[in-house]
Amino acid sequence: MSSLADRLSSVQASIADAVHAAGRSADDVTTIVVTKFHPVSLVEELYALGVRDFGENRQQELSLKVKTAEVPEARWHFIGQAQTNKAGAIARAADAVHSVDRIKLAGALQRAATAERSAPLDVLVQLNLTDDPGRGGAQFDELEPLVEEVLSLDALRLRGVMAVAPLDEDPAAAFARVRAASDRIRTLAPDATAISAGMSHDFRQAIDAGATHLRIGSAITGPRPNTA
Ligand SMILES: *Cc1c(COP(=O)(O)O)cnc(C)c1O
């Protein structure tokens, strides 16, 4: 069995190869290790190995880990579907929210960030690459009004776009649509350059398509416990 350190360095080497092959700079790509369902001890082991960016998709687990893990310089990324009644807890715990997909949620995060934070909350708008609203994310034609709303909210700082590639589509084609959404968003918000895309099985294609933030779980952490 490979160790956590082996898996981390092997994924980091694959990322470095893909970034180089794409003619991009390593500084432009941040790897977020997704630790959902794993214990606090795994977060601390990853931190000891140099990881600083962590991703969680459930508010309660995020809040618990932020409170209990001894990882003083960690940055926490909330990447899951958010209910508006959890906005306060998310704004308290997260450094960035990647999954803003509707105007109502943006408003809830604005109120929460105003109450809970001294600095603006970094947010990304999530694009749904399927027709299934249950997958989370806004449809392509809903992005522009959502972006305009976020830009009007002073406690939120728009950083870019996030998406999850569907399993039944060529990832390169899916990420090309994310890239097109990013181009569109940057005409409205030139500083919103982040593209959060790419997971364990498709990060190479995401890097080719310009991803700036990879969200990688199982390839580094191993299989998730208790997800059956
Ligand atoms: C779980 C999750 C990931 C990581 O998935 P892996 O396939 O384990 O790399 C990335 N993004 C989101 C939104 C997730 O929920």
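Let me begin with the ligand site: the residues around the ligand are Val34, Lys36, Asn57, Ile79, Val164, Met199, Ser200, Arg215, Ile216, Gly217, Ser218 and Arg224. Please keep in mind throughout that this is a predicted model, and that the values I quote are computed from it.

If we sort that shell by class, we find five nonpolar residues alongside four polar and three charged ones. Two of the residues in the shell, Lys36 and Arg224, bring side chains to the ligand's oxygen atoms: a polar side-chain atom of Lys36 is placed 2.7 Å from an oxygen atom of the ligand, and for Arg224, too, a polar side-chain atom lies 2.7 Å from a ligand oxygen atom. With Ser218 the contact comes from the backbone, where a polar atom is 2.8 Å from an oxygen atom of the ligand.

How much of the ligand's accessible area does the protein cover? On its own the ligand has 380 Å² of accessible area, and the protein covers 89% of that. As for where this happens, the space that the ligand takes up is the largest pocket.

Stepping back to the protein as a whole, we have nine helices and eight strands. Its radius of gyration is 17 Å, which is close to the 17 Å given by the globule rule for 228 residues, so the protein is as compact as a globular protein of that length. Taken along the principal axes, the box that the C-alpha atoms fill is roughly 50 × 40 × 35 Å.

Technical notes
Residues numbered from 1 in each chain as written. Predicted model: local features only at pLDDT ≥ 70, side-chain atom pairs only at ≥ 80, totals over all residues. Heavy atoms only, no water. Near = heavy atom within 4 Å. Polar contact = N/O pair within 3.5 Å; in protein donor to acceptor, adjacent residues only side chain to side chain. Areas by Shrake-Rupley, 256 points an atom, 1.4 Å probe, with all protein chains shown as cover. 1 Å grid on protein atoms, 1.4 Å probe; cavity = no way out; pocket = protein on both sides within 12 Å on 5 of 7 lines; lining within 4 Å. Sits in = over half its atoms within 2 Å of the grid points. Nonpolar A, V, L, I, M, F, W, Y, C, P; charged D, E, K, R; others polar. Helix = DSSP H or I, 4+ residues; strand = E, 2+ residues; numbered from the N terminus. Rg over C-alpha atoms; globule rule 2.2 N^0.38 Å.
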